[in-house]
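Got the viewer open? Here's a quick tour, one selection at a time.

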Amino acid sequence: MVKKNLGSAGELFPQSVFIVGSYGEDGTANAMNVAWGGECMRHEVCVNIGDHKTTENIVARGAFTVAPADAAHVAEADYFGIATGRKVDKAAGSGLTFVKSEFVDAPVIEEFPLTMECEVTSIQGDAHGARIVGRVVNTCVDDSILDEEGRVDFGKMRPIVYDSTRRIYRVVGEEVGGAWDAGKALM
Ligand SMILES: Cc1cc2nc3c(=O)[nH]c(=O)nc-3n(C[C@H](O)[C@H](O)[C@H](O)COP(=O)(O)O)c2cc1C
């Protein structure tokens, strides 16, 4: 095997395609695409966001939602990452349905099958760029992606991830082994 050094390129894969929903101070709903995010602990989600409308919104309202994008909504997910709520009404532009969360002060986008509704627990930074952690208050899920035991079935959902090397979205696919199980063969 021949290894090459790519310097500080930082090709950690996969990166998320999380659609972060928020309300502005005037109540306008917004959504942005976040690759630098993830579950940072059980019931906690972290997003790393720069100087965006979303950042102002979350700092002002103390809440946000996170929906992993699915393959059926690639165009809308990308739109949320290239248009800004500082200039356009992305809820209207996307054609998707934004409804107020029952649990936090942020919108849920109905067409995304899985959404975590979060209240902010810590902000490192400010409205111009921050690492924000939120506690998951509720998870709402479309029953079309549940299996017969009531668990989220990601095979049905077809979530997408961001491939930063080629700047494309890829769909998450086949099962290749059991967690806390495949390694037993080596024990
Ligand atoms: C694939 C993709 C991933 C992105 N990931 C991030 C991210 O993790 N953090 C960030 O600050 N901006 C990220 N962006 C850029 C924002 O989504 C973009 O600037 C967006 O317009 C911000 O929207 P807003 O101003 O309405 O909040 C990403 C954009 C794309 C297309």
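We'll go from the whole chain to the ligand, then finish at a hairpin.

Keep in mind that this is a predicted model. Start with the protein chain in cartoon view: there are four helices and 12 strands to find. The radius of gyration is 17 Å, close to the 16 Å that the globule rule gives for 187 residues, so the chain is as compact as a globular protein of that length. Turn on a bounding box along the principal axes, and the C-alpha atoms fill roughly 55 × 45 × 30 Å. Colour by burial next: buried residues come to 32% of the 187 in the chain. If you like contact maps, take the contacts between residues at least 6 apart in sequence; 61% of these join residues at least 24 apart.

Now select the ligand. How many residues surround the ligand? The count is 20, and the closest are Trp36, His52, Thr54, Gly81 and Gly85. Show the elements that give two or more residues to this shell: β3 (29-34), β5 (44-49), α1 (53-61) and α2 (74-82). Which of them gives the most? That's β3, with four residues. Colour the shell by residue class and you get eight nonpolar, nine polar and three charged.

Last stop: select residues 160-163 (β11) and 168-171 (β12), two strands that pair in the antiparallel sense over four bridges. Show side chains for tyrosine 162 and you'll find tyrosine 169 of β12 standing opposite. The two strands, β11 and β12, form a hairpin with four residues between them. Click on arginine 167 in that turn and check its backbone: phi is positive, at about 55°.

Methods:
Residues are numbered from 1 along each chain as its sequence is written. This is a predicted model: local features need pLDDT of at least 70, side-chain atom pairs count only at pLDDT 80 or more; totals for chains, interfaces and linings use all residues. A residue is near a molecule or strand if its C-beta atom, placed from the backbone, lies within 6 Å of it. Ala, Val, Leu, Ile, Met, Phe, Trp, Tyr, Cys and Pro count as nonpolar, Asp, Glu, Lys and Arg as charged, and the others, Gly among them, as polar. Two strands pair if DSSP finds at least two bridges between them. The radius of gyration is taken over C-alpha atoms; the globule rule is 2.2 Å times the number of residues to the power 0.38. A residue is buried if 20 or more other C-beta atoms lie within 10 Å of its own, exposed if 12 or fewer, and partly exposed in between; C-beta atoms are placed from the backbone. Two residues are in contact if their C-beta atoms, placed from the backbone, lie within 7 Å.
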